[in-house]
Amino acid sequence: MTEMTNTAERLTMEFVHYEVKDRVGYITLARAEKRNALNFEVVTELKRAFAIAEDDDACKVIILRAEGKVFCAGADLEYIQRLQENDYHENLLDSTHLMELFRMIYTLKKVVIAQVHGHAIAGGCGLAAICDFGFTVPEAKFGYTEVKIGFIPAIVKVFLLRKIGEARAKQLLLTGDLIGAEEAERYGLVNYIVPAEELEERVFAFAQKLCAENSKQSMEVTKEMIARVQGMTLEEGLQYAAEMNAVARGSEDCQRGIAAFLNKERIKW
């Protein structure tokens with residue numbers, strides 16, 4: 001990993017690290033020996049890291065990445081096997097814990113970019129897909145293999161249907177087959193395919209572009225509206241959009257941005 005500079009905060013937990021470089025917050029999965037598989041502790045640390053990043057004024061855009069050869073192999077199956085001894089209510093608490101992480105990323109105020117340097121499988125594919133943008137290397141494989149081991153892709157399904165639609169979600173979730181990076185891009189799971197040697201630099205450059213060219217407030221409100229409007233009727237959605245449009249016109253960022261455009265000035269966000 002590239003050495004970080006200008007860091008407002010460094011947080012090193014057992015399985016997750018957080019640090020900031022030039023307004024870009026890096027959340028790094030650091031459980032390479034287990035292929036960054038998810039268990040209760042990893043999910044806890046991810047939730048903590050995202051909460052810190054969301055409240056960190058030094059961080060404007062977040063990059064989610066991982067150490068080792070694999071981005072994330074999904075749930076830790078040894079952990080799942082131990083959970084089979086639990087009763088329904090104990091398992092519901094654990095699955096709710098994971099659900100809260102996915103909801104947190106989806107509704108986070110700040111833009112989250114997935115930097116996928118290796119395979120993203122099952123819950124790991126869900127983790128990558130739930131981010132607002134995804135960069136991957138050509139060699140990475142994606143897929144939801146839960147049905148092949150008698151499990152179900154329950155939580156990721158909710159977000160996957162929103163992201164890529166029913167037909168493609170069924171293709172992935174009901175077959176359990178893995179797909180390559182090009183097909184993942186066609187499906188809309190990721191946005192960009194980048195050579196491995198360029199991945200970190202390209203993702204950072206993209207994050208810096210968002211930081212420099214876009215209003216933080218505008219990205220935050222737009223992301224929130226995308227999440228909320230899909231659960232509304234047409235009339236509710238239009239009314240909500242009109243109200244948010246009116247609010248945005250009076251915002252400081254909108255006033256600054258329009259004034260700069262009309263005066264042919266370059267605004268610094």
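Where in the chain does Asp22 sit? Asp22 lies in the loop that links strand S2 (16-21) to strand S3 (24-29). What you have here is a predicted model, so let's take a relaxed tour of a few spots.

Asp22 has a backbone quirk: its phi is positive, about 50°, even though it is not a glycine. Lys264, in the segment after helix H11 (252-262), shows a positive phi too, near 55°, and is likewise a residue other than glycine.

How open are these places to the outside? Here are four residues side by side.

| Residue | Relative accessible area | Class |
|---|---|---|
| Thr12 | 63% | exposed |
| Asp22 | 31% | partly exposed |
| Leu77 | 52% | exposed |
| Lys264 | 77% | exposed |

Leu77 counts as exposed because its 52% is over the 50% cut-off. This leucine belongs to helix H2 (residues 77-83). Together with Ile149, Phe151 and Ile152, Leu77 forms a nonpolar patch on the surface, and the four share about 410 Å² of accessible area.

Thr12 is part of strand S1 (residues 11-12). Its C-alpha atom is 9.5 Å from that of Ala49, and the two residues are 37 apart along the chain.

Now for a pair of helices. H3 (residues 88-107) packs with H5 (residues 154-164) at an angle of about 25°, with 9 Å between their axes. That angle makes H3 roughly parallel to H5. On the H3 side, the contact involves Ser95, Leu98, Met99, Phe102, Arg103 and Tyr106. Across from them, H5 brings Ile155, Val156, Phe159 and Arg162.

Conventions. Residues numbered from 1 in each chain as written. Predicted model: local features only at pLDDT ≥ 70, side-chain atom pairs only at ≥ 80, totals over all residues. Heavy atoms only, no water. Patch = residues over 30% accessible without salt bridge, like charges linked within 9 Å, V, L, I, M, F, W, Y side chains within 5 Å. Areas by Shrake-Rupley, 256 points an atom, 1.4 Å probe, with all protein chains shown as cover. Salt bridge = Lys/Arg side-chain N within 4 Å of Asp/Glu carboxyl O. Helix = DSSP H or I, 4+ residues; strand = E, 2+ residues; numbered from the N terminus. Buried < 20%, exposed > 50% of the residue type's maximum accessible area, 1.4 Å probe, protein only. Axes fitted to C-alpha atoms, helices over the stretch in contact; angles between N-to-C directions. Parallel < 35°, antiparallel > 145°, perpendicular 65-115°, else oblique. Contact = heavy atoms within 4.5 Å.
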